[in-house]
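Visitor: I have a structure open and I'd like to learn how to read it. Could you walk me through a few features?

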Amino acid sequence: MRRIMIAGTNSGCGKTTVTCAVLQALVNRKINVSSFKCGPDYIDPMFHKTVIGTAAYNLDTYLMSNDTVNYLLNKNSGDIAVIEGVMGFYDGFSFTEKGSTHEFSEITDTDVILVVNCRGMSLSAMALVKGFKEFRKNNIKGVIFNNLSEKLYGNLSEECRKIGLVPLGFLPNIKDVQISSRHLGLVTAGEIDDIKDKMNLLADYAEKYIDIDKILEISENDRDTKFTSLEITKKYNVKIAVAYDRAFCFYYEDNLNLLSEMGAEIVKFSPLGNESVPQCDGLILGGGYPELYADILEKNTGTLNSVKECVESGVPCIAECGGFMYLHEIMEDSDKNEHGMVGIIKGKCRKTDRLQRFGYMEMTANRDNILCKKGDKIRAREFHYFDSDCNGNGFTAVKNDRQWECVNVDKNLFAGFPHLHFFANINFAENFMKSCEEYKCTKSKN
């Protein structure tokens with residue numbers, strides 16, 4: 001399987017820009033490319049998806065087993081897989097390499113291109129490159145320099161070759177493709193009106209300044225990964241409604257695909273469009289940026305009422321982070337103005353000035369619920385500036401030496417700040433499907 005990983009020395013070095021430039025260049029060459037994001041981030045895959053026109057996937061070596069990572073990588077790959085790294089190359093969970101780009105490249109035996117931001121540096125960039133190459137045993141094969149002037153590239157190329165790395169080109173400072181950021185990272189691809197123009201401009205620069213042919217050559221790696229295929233049985237027949245628009249857009253493609261493979265018909269609706277929840281046997285309210293659209297969401301009483309009626313009628317519901325915020329009686333927006341929301345979760349969801357309970361953790365169920373039995377565990381992740389009067393106590397989360405209670409669970413509800421990837425524990429998806437099937441059967445009897 002042809003594959004390549006684009007890694008960075010640190011967050012903000014430009015690896016998403018370089019990844020999108022390379023992806024668009026490959027697409028423009030009519031190559032069947034697939035894309036992946038190492039780690040749990042939702043936003044970068046949205047940019048990948050915009051470029052390649054099909055789904056992009058998350059692979060996470062903290063949340064998933066090594067076998068699962070290789071299974072999903074192979075399952076979702078086209079003629080060539082381009083994988084964007086997470087944070088700095090060696091950065092993982094709690095000052096370890098667990099969940100890091102380096103660990104991923106070793107588990108999947110993928111060759112790596114290192115992106116180095118040269119802003120404010122010239123020859124010093126090579127000290128950085130050499131340090132990354134020699135710090136641990138690794139698969140780093142080449143380097144792309146970001147924010148570099150053309151006149152300096154020749155000298156840095158020569159220095160790369162001296163330490164056994166392939167110089168693969170550079171990108172100059174391109175003001176026309178700079179992407180804004182906010183408190184959770186980059187703005188989403190759907191918020192940029194001329195996104196395709198920006199990506200094609202990036203591809204033009206990539207063809208001019210980056211050695212795409214050499215990247216393709218490096219990707220021709222005969223080292224196949226070994227894994228056990230998961231046998232997923234289509235044994236249910238349910239309809240699951242999914243809130244999907246600019247306010248609710250944080251979804252792992254593999255989660256929705258898994259539910260579909262188990263027999264779910266996924267039907268999307270837009271709270272921003274004031275669309276009522278479609279007739280369904282299950283409901284998913286994903287994460288996103290509801291705080292940016294709080295005024296619209298508050299005015300869209302058709303959706304608010306239909307969501308409340310749906311949950312109160314017993315439809316199994318998963319509400320993660322932004323979806324959880326939406327279920328509150330009151331939700332603050334980014335400016336801390338209050339807005340009325342669905343009203344299932346009593347109390348207020350409020351904006352804070354710093355990240356709350358940030359990062360990976362392991363969750364243990366305190367009682368039976370629609371996703372699992374008491375005592376069952378799953379690894380998960382939180383990433384939010386908001387907090388709630390009612391975080392719930394259905395699970396106990398543990399991160400290093402810290403623990404806290406989280407998630408509102410009821411006979412048909414799983415609602416809280418944690419984000420779940422079903423391939424961290426596939427039984428959670430199975431149990432959700434069972435809950436939806438049971439609701440459907442009960443509804444038909446009535």
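Guide: Let's go through some empty spaces, a helix, some strands and a few loop residues. Keep in mind that this is a predicted model.

Visitor: Where do I start with empty space? How many cavities of 30 Å³ or more are there?

Guide: The general idea first: rolling a probe the size of a water molecule over the atoms shows where empty space is left. Here the count comes to 3 cavities of 30 Å³ or more. The largest cavity has a volume of about 120 Å³.

Visitor: Which residues lie nearest the centre of the largest cavity?

Guide: Look for Tyr251, Asn255, Ile284, Glu320 and Phe422, which lie nearest the centre among 13 lining residues. Helix 9 (253-261) and strand 15 each supply at least two residues of that lining, and helix 9 gives the most, with 3 residues. By class, the lining has 10 nonpolar, 2 polar and 1 charged residues.

Visitor: And the pockets? What lines the second largest pocket?

Guide: The second largest pocket holds about 290 Å³ of space. Its lining has 15 residues, with Tyr42, Met46, Lys49, Tyr244 and Cys249 nearest the centre. They divide into 8 nonpolar, 3 polar and 4 charged residues. Helix 2 (residues 43-52) contributes the largest share of this lining, 3 residues.

Visitor: Let's stay with helix 2. Why is helix 2 described as largely enclosed?

Guide: A general point helps: an α-helix has 3.6 residues a turn, so residues three or four places apart point the same way. As for helix 2, 8 of its 10 residues are buried, so it is largely enclosed by the rest of the structure. The buried ones are Ile43, Asp44, Pro45, Met46, Phe47, His48, Val51 and Ile52. After helix 2 comes Gly53, with a positive phi near 80 degrees.

Visitor: Now strands. Which residues of strand 13 are on one side, and which on the other?

Guide: In a regular strand the side chains alternate between the two faces of the sheet. In strand 13 (residues 282-285), Gly282 and Ile284 are on one side, Leu283 and Leu285 are on the other, and all of them are buried, so to speak of a covered strand here is to speak of both faces.

Visitor: Which strands does strand 13 pair with?

Guide: Strand 10 (residues 238-243) runs parallel to strand 13, and 4 bridges join them. Strand 15 (residues 317-320) is also parallel to strand 13, with 3 bridges between them. Leu283 is a handy landmark: Ala241 stands opposite Leu283, and Leu283 stands opposite Cys317 in strand 15.

Visitor: What about strand 18: in which sense, parallel or antiparallel, does strand 18 pair with strand 16 and with strand 21?

Guide: One of each. Strand 16 (residues 328-332) and strand 18 pair in the parallel sense over 3 bridges, and Met331 has Cys349 of strand 18 as its bridge partner. Strand 18 and strand 21 (residues 386-388) pair in the antiparallel sense, also over 3 bridges. There, Arg350 has Asp387 in strand 21 as its bridge partner.

Visitor: On to loops. Is Gln356 buried or exposed?

Guide: Gln356 sits in the loop between strand 18 (345-351) and strand 19 (359-365). Its relative accessibility is 10%, so Gln356 counts as buried. A polar atom of its side chain lies 3.3 Å from the backbone oxygen of Arg354. Farther along the sequence, Gln356 is in contact with Glu382, His384, Tyr385, Phe386 and Asp387.

Visitor: What does Asn147 touch?

Guide: Asn147 lies in the loop between strand 6 (140-146) and helix 6 (150-162), and at a relative accessible area of 18% Asn147 is buried. Leaving out residues up to four places away in sequence, Asn147 touches Asn117, Cys118, Arg119, Leu171, Pro172 and Asn173. With Asn117 there is a side-chain polar contact of 3.1 Å.

Visitor: Last one: which residues other than glycine have a positive phi?

Guide: Most residues other than glycine have a negative phi, and most peptide bonds are trans. Two to look at here are Phe95, with phi near 60 degrees, and Cys321, with phi of about 50 degrees. Phe95 is in the loop between strand 4 (80-84) and helix 4 (101-108), and at 87% relative accessibility Phe95 counts as exposed. Cys321 is in the loop between strand 15 and helix 12 (322-326), and at 7% relative accessibility Cys321 counts as buried.

Technical notes:
Residues numbered from 1 in each chain as written. Predicted model: local features only at pLDDT ≥ 70, side-chain atom pairs only at ≥ 80, totals over all residues. Heavy atoms only, no water. 1 Å grid on protein atoms, 1.4 Å probe; cavity = no way out; pocket = protein on both sides within 12 Å on 5 of 7 lines; lining within 4 Å. Points joined across faces, edges and corners; volume = space filled by probe spheres on them. Helix = DSSP H or I, 4+ residues; strand = E, 2+ residues; numbered from the N terminus. Nonpolar A, V, L, I, M, F, W, Y, C, P; charged D, E, K, R; others polar. Buried < 20%, exposed > 50% of the residue type's maximum accessible area, 1.4 Å probe, protein only. Polar contact = N/O pair within 3.5 Å; in protein donor to acceptor, adjacent residues only side chain to side chain. Contact = heavy atoms within 4.5 Å. Pairing = 2+ DSSP bridges.
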